[in-house]
Amino acid sequence: MCFLIKCLKRLKSSQQWLSRQRADPYVERAKISNYRCRSAFKLLEMNEKTNILHPGLTVVDLGASPGSWTQIAVQKTNADGADLTKPKGTVLSIDKLQIFPIPGATILSNMDFSTIEAHDKVVNILDGKLVDLVLSDMAPSATGIRELDKDRILGLCYMAIRFAALVTKIDGNLLFKVWDGKEVPILEMDLERFYKNIKILKPKASRSDSSEKFILARGFKGIQRPLQNGRWG
């Protein structure tokens, strides 16, 4: 009986997801624009307001699969060299999952960005060049336990911040996703030690029932000592 109830709940959840996908205009727009998923429009909207992406920049996209943010980063930085009149940027994308090739981007699939191996590989690929912008639209797989899920995404946020601190140039920027909660102000305070300006963004393309927000940290100040245990030392 318990197994049957679980199956029925999963079926109902799947049906609700399909209904929401069919009713979502961004899903259809993503198909028309050949973006890999609707999240592309979140980055487009935030970039319209902040202009963090423009030709010639060096960008790293963390947790990039399936690659829609990478697609936008390539377009906006001219990493594919499509516009010969503008500077050519560099886009590097990392994920534990498979990312299918994206013209203009260097893809590191099946790689955990938080490892020393990933850091060394990024440094080697960039050949001494520091990063203008680190992007992260990462979120953990939901367990359904609200507090546990929030702790897990917070852990991802701090890993992204740590990675960015090690590769970003002075005055570089960081944009990453977080779920709303009492921990966000603490996260902001940590960021203020290393960035000149912190801003919370909520693009219209985010679903209305989603607690996701994006934090844009601008003007990296640099670090004077290493980070420890995933938190600032």
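This section describes a sheet, two helices packed on it, and one lysine within it, in a predicted model.

The sheet is open and holds seven strands. Their order is β3-β2-β1-β4-β5-β7-β6, and the pairing is mixed. Strands β3 (105-108) and β6 (195-201) form the edges, each pairing on one side only. Direction ignored, neighbouring strands are turned by 15 degrees against each other on average.

Pairing was then examined from β4 towards the β6 edge. Strands β4 and β5 run parallel and are joined by five bridges. In this pair, Ser 136 stands opposite Phe 176 of β5. Six bridges link β5 to β7, here in the antiparallel sense. Leu 175 faces Leu 216 of β7 across this pairing, standing opposite that residue. Strand β7 (residues 212-220) also pairs with β6; these strands run antiparallel and share six bridges. There, Ile 198 stands opposite Ala 217 in β7.

Two helices contact this part of the sheet. Helix α3 (residues 40-50) packs on the sheet and touches β4 (131-136), β5 (168-179), β6 and β7. The direction of α3 makes about 40 degrees with that of β7. Helix α7 (residues 184-192) lies across β5, β6 and β7. Its direction runs at about 155 degrees to β6. Strands β5, β6 and β7 thus appear in the descriptions of α3 and of α7.

Strand β5 is mostly covered, with nine of its 12 residues buried. Lys 177 is located in this strand. Is Lys 177 buried or exposed? The relative accessible area of Lys 177 is 9%; because the cut-off for burial is under 20%, this lysine counts as buried.

The side chain of Lys 177 takes part in polar contacts. One is made with the side chain of Asp 137, at 3.2 Å. Another joins the side chains of Lys 177 and Glu 212, at 3.3 Å. Glu 212 falls within the residue range of β7. Not counting residues up to four places away in sequence, Lys 177 also touches a set of residues that includes Ser 136, Met 138, Ala 139, Ile 153 and Cys 157. Lys 213 and Phe 214 are among the residues touched as well.

Technical notes: Residues are numbered from 1 along each chain as its sequence is written. This is a predicted model: local features need pLDDT of at least 70, side-chain atom pairs count only at pLDDT 80 or more; totals for chains, interfaces and linings use all residues. Side-chain values use heavy atoms; hydrogens and water are left out. Two strands pair if DSSP finds at least two bridges between them. Helices (H or I, at least four residues) and strands (E, at least two) are DSSP runs, numbered from the N terminus. Axes are lines fitted to C-alpha atoms, for helices over the stretch in contact, and angles run from 0 to 180 degrees between N-to-C directions. Contact means heavy atoms within 4.5 Å. Buried means under 20% relative accessible area, exposed over 50%, partly exposed in between (1.4 Å probe, protein chains only). A polar contact is a pair of N or O atoms within 3.5 Å; within protein, one must be able to donate a hydrogen and the other to accept it, and residues adjacent in sequence count only if both atoms are side-chain atoms.
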